[in-house]
Amino acid sequence: MRASRRAALRGLLGLGGAAMLLPHSTRGAVMSAKIAAVEAFPVVYPVVGRFKFLETPDGKPGGRASVLVKITSEDGAVGWGQSVPIPRWSYETLETVTTTVRKYLTPVLIGRDAFDGDAIQAEMNHAIAPSFSTGQPIAKAGIDLALFDLTGRIEGKSAAERWGREGKGKRKVVLSWTLNPKTLDDVERLIAEGKARGYRHFNVKVAPDPQFDLALCRMVKKLIPDGFLWADANGGYDVETALAVAPKLADAGVAVLEQPLPANRLGGYRRLVQQKALPILMDEGIVSSVELEEFIELGLLDGVAMKPARCGGLTEARRQVEIVQRRGLRFLGSGLTDPDLALAAALQLYGAYDLQYPAALNGPQFLGASLLKRPFVVEDGSLAVPEGPGLGVEIDESRIPELLARDV
């Protein structure tokens, strides 16, 4: 507790970040940093506009729940991470992530070497066991990002430098504007909003109504004939509907179809891939590289819509990107309406690995606040990859109370 209070006091006095990393110079070949404290801050970001996954169960506008994770080493170095639960997309909630980090993951982290990633992953997977795949990956992603930030700051290296990707990727990531209109009458206005902010590419939420989906995609393609159009069903079609609508979506100008079926309809995925009407991407169905390798061997997908939050953080997400690239499949970048640190992590990954398609990172589109000292700014439909060590961004701790969820 005293270590935690000292860390909080240092942050409030402006002693966090790079200034705290001086004892950890890169003088030695082997880096080490024992974890002294892990803190979880449940926060809720205000939402701008309508995004169906951020609505309350009764359909009212909600906020974007998130858990900031702060890890402090015994020498006072600090790393920040972020978990981004969405109950309407996955089973993890603000409450489950907070209690999992505080009660189950923190005890196995204290005293561990932050640089011993394999041991930490094993301990976390022992504390929260898997079911079909990684257990509570969104909660674990916050820890993974904080460790990546901490160790990167200690080493004084950016993500690209640590991954051996310096100069191989890109410094800006082109974005895609998300459309989830309630009626077709909303489409022209929503596209105009995206264009006004410099967006040239659009991703649409489809399913379960194929007639509405086709009309939507035809309208979007007519309004942005040269843009990349990406349809995401979030598992909302049944097999026969997906097989019937895929060729029609292709004719309407859709370039790829993401997660057309529920994650456990594996036979249906094989039929869709064999149909070859559209490239079929998996999202919700891929959590770890174990099932990714298995599904590739079974011929169930043409690529993956990556989300670091979905698969437990950057460590596993990077592994999956390399698998997909090695196998000659498509890698598209997506997110979970990521704010701040989660957004920084996605940008680091997609930039370093030279993402070839517009990224559906819609945090800047739907979120109305930031806890960063220098918030992200969309310029000409793109976001710059953060520079500097770790995740490359700095949290303003003084602003956390503004968004803190008091009842968690």
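Which residues lie nearest the centre of the largest pocket? Gly117, Gln121, Asp144, Thr315 and Arg319 do. Keep in mind that this is a predicted model.

Let's stay with that pocket. Rolling a probe the size of a water molecule over the atoms shows where empty space is left. Here, the largest pocket holds about 770 Å³ of space. Its lining has 28 residues. By class, 11 of them are nonpolar, 10 are polar and 7 are charged.

Where does the lining come from? Four helices each supply at least two residues: α3 (117-127), α4 (137-155), α10 (289-297) and α11 (314-326). Helix α3 gives the largest share, with 6 residues.

Now the second largest pocket. Its volume is about 630 Å³. This one is lined by 32 residues. Nearest its centre lie Trp89, Ala263, Glu284, Gly285 and Val287. Two elements give two or more residues to this lining, α4 and α10. We met both helices in the lining of the largest pocket. As for class, the second lining has 16 nonpolar, 10 polar and 6 charged residues.

Back to α3, and its contact with another helix. Two packed helices are described by the angle between their axes and the distance between the axes. For α2 (residues 94-109) and α3, the axes come within 9 Å. They cross at roughly 145°. The crossing is right-handed.

Which residues of the two helices meet? From α2, they are Tyr104, Leu105, Val108 and Leu109. From α3, they are Ile120, Glu123, Met124 and Ala127. Sort this contact by class and you get 7 nonpolar, no polar and 1 charged.

On to the sheet. It is open and has 3 strands, in the order β1-β2-β3. The pairing is antiparallel. Why is one side of β1 and of β3 left without a neighbour in the sheet? Because β1 (35-45) and β3 (78-83) stand at the edges, and each has a single partner strand. From one strand to the next, the twist averages 20°.

Look at β2 (residues 64-73) and β3 in your viewer. They run antiparallel, and 6 bridges join them. To find your place, take Val67, which stands opposite Ser83 in β3.

One helix links this part of the talk to the pockets. Helix α4 lies across β1, β2 and β3. It runs at about 155° to β3. That is the α4 that supplies at least two residues to the lining of the largest pocket, and two or more to the lining of the second largest.

How values were computed:
Residues are numbered from 1 along each chain as its sequence is written. This is a predicted model: local features need pLDDT of at least 70, side-chain atom pairs count only at pLDDT 80 or more; totals for chains, interfaces and linings use all residues. Side-chain values use heavy atoms; hydrogens and water are left out. On a 1 Å grid over the protein atoms alone, a cavity is a set of points where a 1.4 Å probe fits but cannot get out, and a pocket is an open set with protein on both sides within 12 Å along at least five of seven lines; lining residues have an atom within 4 Å of a point. Grid points are joined across faces, edges and corners, and a volume is the space filled by probe spheres set on the points. Ala, Val, Leu, Ile, Met, Phe, Trp, Tyr, Cys and Pro count as nonpolar, Asp, Glu, Lys and Arg as charged, and the others, Gly among them, as polar. Axes are lines fitted to C-alpha atoms, for helices over the stretch in contact, and angles run from 0 to 180 degrees between N-to-C directions. A crossing is left-handed if the near helix is turned anticlockwise from the far one by less than a right angle, and right-handed if clockwise. Contact means heavy atoms within 4.5 Å. Two strands pair if DSSP finds at least two bridges between them.
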